[in-house]
Amino acid sequence: MTDQSNPLPFDSFMNPSLGKYTKIYRDSIENPEKFYEDAGWVLDWYSKWETIIDRTGEPYYRWYVNGKLNISYNAVDRHANGPRRNKAAYIWVDEKGNEKIVTYRGLYRRVNALAKALLEMGVKKGDRIAIYMPMIIEEPVAMLASARIGAVFTVIFSGFGAEAIADRINDCGAKLVITADGGYRRGKFIPLKETVDKALEHTKTVESVIVVKHTGQPVSMTEGRDYWYSDVINDKEEVEPERMDSNDPLFILYTSGTTGKPKGVVHGTGGYGVWVANTMKWAFDPQETDRWWCAADIGWITGHSYIVFAPLILGLTSIIYEGSLDYPGPDQVWKIISYYEVDILYTSPTAIRSLMKYGDEYPKSHNLSSLRVLGSVGEPINPVAWEWYYEKIGNSQCPIIDTYWQTETGGFVISPVTGIGTTLLKPGSATLPLPGIDPVILKQDGGEAAPGEKGLLFLRKPWPGMMIGLNNDDKKYRTLYFGRGKDGYYTGDYAIKDKDGYYWLLGRADEVLKVSGHRIGTVEVEDALLSTGLVAEAGVFGKPHQIKGESIVSFVVLKSDSRMEPSVDAIKEKVRQKFGPLLVPDEVHIVGSLPKTRSGKIMRRIIKAVYQNDIPGDLTTLESEASVDEIKEAIDKFRNEMDGN
Ligand code: WT7
């Protein structure tokens with residue numbers, strides 16, 4: 001997939017300013033204190049930090065120690081009280097073309113009103129609140145109002161089902177939930193409030209629920225617990241922002257890992273704010289009058305960092321789009337770009353591949369000349385999709401900013417940085433490390449990989465945007481991410497560094513899948529299958545998919561005590577109801593038994609090998625080889641059925 005021999009073909013971006021990047025990068029590594037001192041002033045502080053970094057709690061790092069600030073002040077107040085007061089902070093659009101524009105002053109009013117309501121409902125500094133909302137302006141408002149009073153928010157992606165919501169609420173002990181009556185996607189109503197009601201049957205900590213009336217669809221309201229947003233806010237209220245410590249937690253975001261239970265990644269305030277704002281400037285070089293469109297969902301880290309915090313801290317104008325990029329027509333995304341004259345588009349390789357599939361006539365029929373820079377995020381982008389994006393969307397004029405990062409890193413760590421000089425691109429490579437980032441590729445034995453040799457990617461030095469911990473899980477924080485001591489932070493990704501020093505990300509090295517750019521643990525899907533009550537055993541793995549990057553394949557053994565044999569559809573539907581569409585396997589194969597070790601561990605590796613028609617390696621640890629034959633049979637049956645269709 002990666003062509004490292006590609007000579008830097010993008011002449012228009014070959015300019016001598018690489019030298020500038022090289023110097024900034026070298027300074028950041030050789031003299032980080034000085035470098036981060038300057039970087040820190042992207043924010044306003046109530047009182048300045050005493051030291052840049054405190055390493056005494058390694059592998060926990062504390063940034064801008066004892067600095068005091070409020071992120072909502074930085075994102076809203078300082079623009080709302082200055083020349084940007086009437087500038088649009090957000091242009092909200094939906095699939096039907098409805099539009100709502102909120103200025104920085106308008107955002108200020110909304111954030112204050114909700115912050116006051118939260119205080120009156122008993123939310124205090126340090127309390128946790130959960131946000132489960134469609135892509136509407138009230139979603140960033142909820143995050144900022146929470147940050148304003150020092151509460152810690154956790155946004156739960158609106159595609160998750162009731163059980164996934166309850167797990168997250170229970171893990172962080174959320175006291176209040178902010179949601180909406182529902183949302184729309186592909187013209188379909190998504191009953192968010194109803195799903196929250198189901199989730200709250202399995203939680204103990206939630207005292208109140210605030211509901212935004214967005215769709216006007218009827219919902220049931222529980223007396224004494226549920227309140228309409230419009231009833232609890234008063235537009236005239238103002239709330240003094242809480243003076244937060246730089247290392248106070250700002251939010252928790254759950255993400256999948258190698259075990260079943262998602263991990264609560266905790267981000268801090270000062271270091272996180274400094275990192276997201278600076279990385280956005282370095283990578284995209286946004287201009288004052290730009291319209292920035294990050295087409296991710298706010299429920300993921302991409303939306304937290306680059307729809308909410310970075311663009312607002314920088315005082316930019318963002319598009320927030322509630323809907324799907326190819327609905328109602330395959331040209332929806334191009335329509336929005338031409339109508340709103342979007343300057344920068346930031347989206348995922350999956351989106352690019354699926355738009356590419358519709359054909360060139362759709363982008364061609366719209367004026368895309370407002371575009372200046374294009375971004376990609378979430379999974380490796382294959383050179384074919386990169387080139388299509390570059391030529392057909394960017395008219396061979398816009399650099400492709402392939403940003404490599406993770407929920408845990410807070411912001412970009414490897415990416416082209418047009419804002420500080422480097423603009424040499426290779427299609428499919430995320431290019432070079434950002435200032436302050438010190439990547440190294442290690443082989444299994446711990447030695448450094450040679451140029452062109454595949455290995456595991458570590459980041460040796462800490463950086464301000466990195467998570468400050470995992471909620472309630474010190475052990476995982478230490479072992480999963482810092483288990484190899486001096487090698488630093490382990491990303492979980494395979495990578496290659498080529499002879500020019502460019503990085504090529506090659507996918508996850510652990511039991512984590514990337515399906516349409518979404519991060520999903522194989523064990524998480526297995527647990528979801530088991531929790532349906534229909535399945536006794538499950539083995540899950542990923543297979544390459546042309547559009548989605550990967551798709552989820554599962555093999556299951558049914559429970560023998562169920563009176564009626566459940567169908568594949570029934571199993572899928574149960575998973576969808578409980579956890580949402582994300583965790584539903586693309587393929588469910590029912591078999592009589594699964595290959596296991598003598599100690600009873602299901603051998604995903606063997607199932608996958610049989611599935612891929614590879615000869616499974618060493619079978620001596622297997623309990624019985626019969627199950628391998630059964631898997632072969634199930635696969636043959638499945639393939640025959642597919643052929644018959
Ligand atoms: C994983 C992190 C990054 C924010 C959204 C996803 C993969 C991410 C790239 C890229 C190749 C990428 C990695 C990483 N990934 N960006 N530009 N090229 N791979 O955040 O859900 O925490 O997922 O996404 O595998 O570890 P996330």
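**Backbone quirks, covered helices and the ligand shell**

P328 sits in the loop that runs between β17 (317-322) and α11 (332-340). The model is a predicted one, and in it the bond joining Y327 to P328 is a cis peptide bond, with omega at about 5°. A second cis peptide bond turns up going from E58 to P59, where omega is near 5°. That proline, P59, belongs to the loop between β1 (51-54) and β2 (62-65). Such spots deserve a look because most peptide bonds are trans, just as most residues other than glycine have a negative phi.

Phi has its own exceptions. E341, which is not a glycine, has a positive phi near 50°. Its place is the loop between α11 and β18 (344-347). T431 is another non-glycine residue on the positive side, with phi at about 70°. T431 falls in the loop that links β20 to β21 (439-442). Loop or not, T431 is buried, because its relative accessibility is just 1% and the cut-off for buried is under 20%. Two further positive values come right after helices: D285, just past α9, has a phi of about 50°, while G315, just past α10, has one of about 75°.

As for the helices themselves, α9 covers residues 270-284, 15 in total. From first C-alpha to last, α9 reaches 21 Å, which is close to the 21 Å expected at 1.5 Å a residue. Helix α9 is also mostly covered, with 14 of its 15 residues buried. And how many residues of α10 are buried? The count is 13 of 13, so α10 is largely enclosed by the rest of the structure.

Helix α10 (301-313) also has a part to play at the ligand: along with β20 (400-403) and β25 (503-508), it supplies at least two residues of the surrounding shell. That shell holds 17 residues, and the ones that come nearest to the ligand are D402, T403, T407, D493 and R519. In terms of chemistry, the shell splits into six nonpolar, five polar and six charged residues.

Which side chains place an N or O atom 2.8 Å from an oxygen atom of the ligand? R508 is one of them, with an N or O atom of its side chain at 2.8 Å from a ligand oxygen, and K514 has a side-chain N or O atom at 2.8 Å from a ligand oxygen too. For R519, the distance from a side-chain N or O atom to an oxygen atom of the ligand is 2.7 Å. Taken alone, the ligand would expose 550 Å², and the protein buries 95% of that area.

Back in the protein, L442 is part of strand β21. L442 counts as buried because its relative accessible area is 4%, set against a cut-off of under 20%. Not counting residues up to four places away in sequence, L442 touches G447, E448, A449, G455, L456, F458, R484 and D487. Y494 lies 52 residues from L442 along the sequence, and the two C-alpha atoms are 9.4 Å apart in space.

K476 is found in helix α15, residues 474-482. Is this lysine buried or exposed? K476 counts as buried, because its relative accessibility is 17% and the limit is under 20%. With neighbours within four places in sequence left aside, K476 is in contact with T259, K261, K263, L470 and Y481. Two other lysines, K261 and K263, are thus among the contacts of K476.

Finally, G126 belongs to the loop between α4 (104-120) and β6 (128-132). At a relative accessible area of 39%, G126 is partly exposed. Its contacts, again leaving aside neighbours within four places in sequence, are G150, A151 and V152. The separation between G126 and V523 is 397 residues in sequence and, C-alpha to C-alpha, 32 Å in space.

Key:
Residues numbered from 1 in each chain as written. Predicted model: local features only at pLDDT ≥ 70, side-chain atom pairs only at ≥ 80, totals over all residues. Heavy atoms only, no water. Near = heavy atom within 4 Å. Polar contact = N/O pair within 3.5 Å; in protein donor to acceptor, adjacent residues only side chain to side chain. Areas by Shrake-Rupley, 256 points an atom, 1.4 Å probe, with all protein chains shown as cover. Helix = DSSP H or I, 4+ residues; strand = E, 2+ residues; numbered from the N terminus. Nonpolar A, V, L, I, M, F, W, Y, C, P; charged D, E, K, R; others polar. Expected span 1.5 Å × (residues − 1). Buried < 20%, exposed > 50% of the residue type's maximum accessible area, 1.4 Å probe, protein only. Contact = heavy atoms within 4.5 Å.
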